[in-house]
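Welcome! Have the sequence and the 3D view open side by side, and let us walk through them together, one topic at a time.

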Amino acid sequence: SGDRTKEVDYASPNRGTRVRVYGRVHRERKQAQVLFVTLRDGFGYMQCVFTGPLAKTYDALTLTRETSMMIMGEMWEVPAGAHAPDNRELHADYFEIIGKAPGGEEAITNKVQAKGDAQTLLDMRHLVLRGETASSVMFVRDAVEHAFNTAYHDLHYVKVSPPALVQTQVEGGSTLFSLPYYGEPAYLTQSSQLYLETAIPFAGNVYCIEKSFRAEKSLTRRHLSEYTHVEAELDFITFDDLLTHLESLICTVLDLVFANPRIAAMLKELNPSFTLPSRPFKRLRYADAIDWLNEHEILNEDVEPEGSPPRAFEFGDDIAEAAERKMTDIIGVPILLTHFPAPIKSFYMPRDAEDDRVTESVDLLMPGVGEIVGGSMRMYKYEELMAAYKREDMDPAPYYWYTDMRKYGGSPHGGYGLGLERFLAWLCGLHTVREACLYPRYMGRCKP
Ligand code: 4AD
Ligand code: MG
């Protein structure tokens, strides 16, 4: 509980003072006369030392990992040459076992390490999360979400909470999860964007951090069925304002995250080679990216119909995951990839004034992951949007509330969505976005 932090001042441990701590046994090491226990409580790890008769009690001799307990004693500085978290240890003079954890066959180490394969580890995710690596990713995730909230509030953006149950699609029909809704059809939202746009007229710049859902029928390192989407809409802006905002937001969030010493230390462990991106980010137009891919002899492996041989990229091709990742890894810095052709982008994206083939759209690509942000300006003229529905063969009726935003005082606005798990995969150097989730959801997995 929060009260416990008053008893142990983690910033400057009151060495020599008596404390009482609660936690779980993260590690224990029995020596002839001494028992060392590393206690874990979420705030951190504390080395506790049991000596004399206390180390010889039945409970001390049979103590197992993950047992929850209370320990009382005095805070000491560790002797020179010895090591303990934060250079301090608790010399125990009293303890109570609160919840015993099993040893032997059922011990946590056997549960999570016995078969080290990925599926077992995912089935045992609830226990894996107690480990240092998995839990530190969760702590970083908490810090990153907090940093986004701080960054937006410092910019006076208003946070709103759009619904997850919807009757419209945002990013095309192929990845919609549908469900019965009191006899009517409904979907789990793919993005909160359309609802965020409708909040602009009362709130100005707005953002949300909500779940988005995609029925992704393939298993990749960066696709989830349920992910956390950081989305924002900016009012009265130009496309260039959007790009500048994005790069500044990412840098502000990173500065806030690294300003926390505990989190910075975790990130150093997780991803020692991470370097802060420098501003301005590299900007690359889609058409130039196509040329770049061809110059580097990276082929399009995603050719229709399925099974066709790879070929050189052509203007109009979607740059799929494999090619995008190769390009991003070679370039090695964040890339604002802009001006995608209209046919491969969403219905709401306006055309570029100079080149009618392309849209005012942007993806932010990061080394090791590829796309972490997708954004664009939004059509804000009524006739333009009506024509877009028609072109895409969409029934405008369910979108009346979205269309009304253009009818009742439209404004040039734009926004984006950032996949929080992809951001974390980049920041923490994770192999897959699954490691950035408390309990990942993807095709074939809906437990624990
Ligand atoms: O590029 P996307 O599909 O764009 C939108 O949904 C826009 N409506 C967002 C907006 O403008 N408000 O998705 C945005 C981001 C991607 O760049 C990616 O980071 C993440 O959402 N994303 C996923 N993350 C994990 N698993 C998936 N299946 C994802 N699909 C998209
Ligand atoms: Mg996208």
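What covers the buried residues of α7? In this predicted model, the cover includes β10, β11, β15, α13 (400-407) and β16. Keep α7 in view, since the tour begins there and then moves on to a ligand, a small sheet and a few unusual backbone spots.

**Helix α7 and the glycine after it**

- The buried residues in α7 are Q193, L194, Y195, L196, E197, A199 and I200.
- Just after α7 comes G204, which takes a positive phi of about 75°.
- You can find G204 in the loop that runs between α7 (193-203) and β10 (206-213).
- G204 counts as partly exposed because it has 15 C-beta neighbours inside 10 Å, while a residue needs 20 or more to be called buried.
- If you set aside the neighbours within four places in sequence, G204 is in contact with V158 and D235.
- Try finding Y157 too: 47 residues separate it from G204 in sequence, yet their C-alpha atoms are 7.5 Å apart in space.

**Around ligand 1**

- There are 25 residues around ligand 1, and those that come nearest are S191, Q193, G374, G417 and G419.
- Q193 is worth a second look, as it is one of the nearest residues to ligand 1 and also one of the buried residues of α7.
- Four elements each supply at least two residues of the shell: β11 (226-235), β15 (370-378), β16 (413-419) and α14 (420-428).
- Sorted by character, the shell has eight nonpolar residues, 10 polar ones and seven charged ones.
- Two of these elements may sound familiar, because β11 and β15 are also named in the cover of the buried residues of α7.

**A small open sheet**

- Strands of a sheet pair through backbone hydrogen bonds, in either a parallel or an antiparallel way.
- Here, three strands make an open sheet in the order β7-β9-β8, with antiparallel pairing.
- β7 (165-166) and β8 (177-181) stand at the edges with a single partner strand each, so one side of each has no neighbour in the sheet.
- β8 pairs with β9 (residues 184-188) over five bridges, in the antiparallel sense.
- Within that pairing, F177 stands opposite L188 in β9.

**Backbone spots to look for**

- The peptide bond from R279 to P280 is cis, with omega near -5°, and P280 sits in the loop between α9 (261-270) and β12 (282-285).
- Another cis peptide bond joins E304 and P305, where omega is about -10°; P305 lies in the loop between α10 (286-295) and α11 (321-331).
- E66 is not a glycine, but its phi is positive, near 80°.
- This residue, E66, belongs to the loop between α2 (58-61) and β4 (68-77), and it is partly exposed because 19 other C-beta atoms lie within 10 Å.
- H156 is also not a glycine and has a positive phi of about 65°.
- H156 is found in the loop between α6 (132-154) and β6 (158-159), and it is exposed because it has 8 other C-beta atoms within 10 Å.

**What the record says**

- An unreviewed UniProt entry places the feature "domain: Aminoacyl-transfer RNA synthetases class-II family profile" at residues 140-440.
- In the model, the span 140-440 is 35% helix and 21% strand, and its end C-alpha atoms lie 16 Å apart.

How values were computed:
Residues are numbered from 1 along each chain as its sequence is written. Chains are lettered from A and ligands numbered from 1 in the order in which they are written. This is a predicted model: local features need pLDDT of at least 70, side-chain atom pairs count only at pLDDT 80 or more; totals for chains, interfaces and linings use all residues. A residue is near a molecule or strand if its C-beta atom, placed from the backbone, lies within 6 Å of it. Ala, Val, Leu, Ile, Met, Phe, Trp, Tyr, Cys and Pro count as nonpolar, Asp, Glu, Lys and Arg as charged, and the others, Gly among them, as polar. UniProt positions are given in the numbering used here, feature names are shortened, and annotations may be inferred rather than shown by experiment. A residue is buried if 20 or more other C-beta atoms lie within 10 Å of its own, exposed if 12 or fewer, and partly exposed in between; C-beta atoms are placed from the backbone. Two residues are in contact if their C-beta atoms, placed from the backbone, lie within 7 Å. Two strands pair if DSSP finds at least two bridges between them.
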